[in-house]
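Reader: I am new to this one and would love a close look at a single part. Could you walk me through it?

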Amino acid sequence: MAKADYYELLGVSKGDEASTIKKAYRKLAIKFHPDKNPDDATAEEKFKEIGEAYEVLSNEDKRAAYDRYGHAAFEGGMGGGGGGGGGFHDASDIFSQVFGGAFGGGGGGGGFDDFFGGGGRGRGRRGGASAKRPGSDLRYDLEISLEEAARGVEKELEIEKEAACGTCEGKGSKGSAGAKTCTTCRGQGAVTRQAGIFVQQTTCPECKGAGEVIADPCADCNGNGTTAETTRIKIRIPAGVDSGTRLRSSGNGDAGFRNGPSGDLYVFINVKDHEVFERESENLYCEVPMPFGIAALGGEMKVPTLEGKSSIKIPAGTQGGTVFRLRGKGIKDLSSGYKGDLHVEVKVEVPTKLNSEQKEKLAAFTESIGQKNSPLQESFLDKAKKFFDF
Ligand SMILES: [Zn+2]
Ligand SMILES: [Zn+2]
């Protein structure tokens, strides 16, 4: 597939200044950010493309190479064991470099900062060339009942995660000497090699990209500053979540490498099927059997709701399949707070164990009513006339 022109992708011209290019990238990056376009593969692809374009055009050397050789300037260096030679960064990294921490909200304790309708993906985060590296985001799949989804619930999750090492307090070094700047890469974490017009960058072999070398690594965490632990985290699930809702708990992911920022914990909700109710977004549906005497004569009938018992008035002559709506007895919408309805469909129940006296009475009743006073049957017979010979 032919690659689009980087200038065209960002909607800028070849002669434009760096600040113009940055502005153009900012605008597009916000528009196509995956958090704003969950489950939109086209937007995600676009987000990657503009990230790649900006990575090249924002770098003087790369831009010069691109102006001269086009996309060919960056081919050949791609792939190759993930060493990073000439390859592109993750689009989220580019985004974070431009926006810093300004996008997506800061860390708050305990609660969730954010929720999303569906799948989507996490945002990237990187602190630049430093020994501190952010911890990974974690995923937890949580199954809850419909009642819990409707009311909201507090849950305690048991999570296996990397936590800051208690022995060295996350520093990674045993003594007070701490970490020293790596002399091989001068703290950059990467070394560059010039090969013709190509500048190749690879992870520093000495410090493995950390930028620092620890002289006396902590024995408990091997100098990483984190150890695997089982932690219990209390989280509050808001009322209205549904299967597919993804909640983010800021800072509850893996602890970062040598006191780097923690990742986030993403809780993916799955709501179990209910015995009585079916849910469709904020509305609930259920079927309730209706004795045929009540169907004919009318009366009051008890119906279940998620908040307990309620009742509906059945008018005389109610047909099976009639749906009664109980306003506000559905589920609260997660973002608007609007409460849906409960739709109750009544099913006429025919008695199955009649004694002889009841049978006689029913036979007499059937005789007396004949085929009159049965609106559905009348209209059916009307339509069926041309097929039957009465
Ligand atoms: Zn340690
Ligand atoms: Zn190094």
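Is Cys168 buried or exposed, in terms of relative accessible area?

Author: Happy to take you there! This is a predicted model, in which local features need pLDDT of at least 70, side-chain atom pairs count only at pLDDT 80 or more, and totals for chains, interfaces and linings use all residues. Residues are numbered from 1 along each chain as its sequence is written, chains are lettered from A and ligands numbered from 1 in the order in which they are written, and side-chain values use heavy atoms, with hydrogens and water left out.

Cys168 is buried, because its relative accessible area is 3% (buried means under 20%, exposed over 50%, partly exposed in between, with a 1.4 Å probe and protein chains only). Cys168 has company: its SG, together with the SG atoms of Cys165, Cys218 and Cys221, coordinates the zinc ion (ligand 1) at 2.3 Å. Donors here are N, O and S atoms within 2.8 Å of the metal (3.2 Å for Na, K and Ca); water is not among the atoms, so sites may look incomplete.

Along the chain, the donors of the zinc ion follow the spacing C-x2-C-x49-C-x2-C. Distant parts of the chain are linked this way: Cys168 lies in the loop between β3 (153–164) and β4 (179–181), and Cys221, 53 residues apart from it, in the loop between β7 (212–214) and β8 (226–237). Strands are DSSP runs (E, at least two residues), numbered from the N terminus. Cys221 is also buried, at 3% relative accessibility.

What about the geometry? The angles among the four donor atoms of the zinc ion run from 104 to 117°, and the site is tetrahedral (four donors with all angles between 85 and 135 degrees). For four tetrahedral donors, the ideal angle at a metal is 109.5 degrees.

Notes:
Tetrahedral: all angles 85-135°; square planar, octahedral: opposite > 155°, others 65-115°. Helix = DSSP H or I, 4+ residues; strand = E, 2+ residues; numbered from the N terminus.
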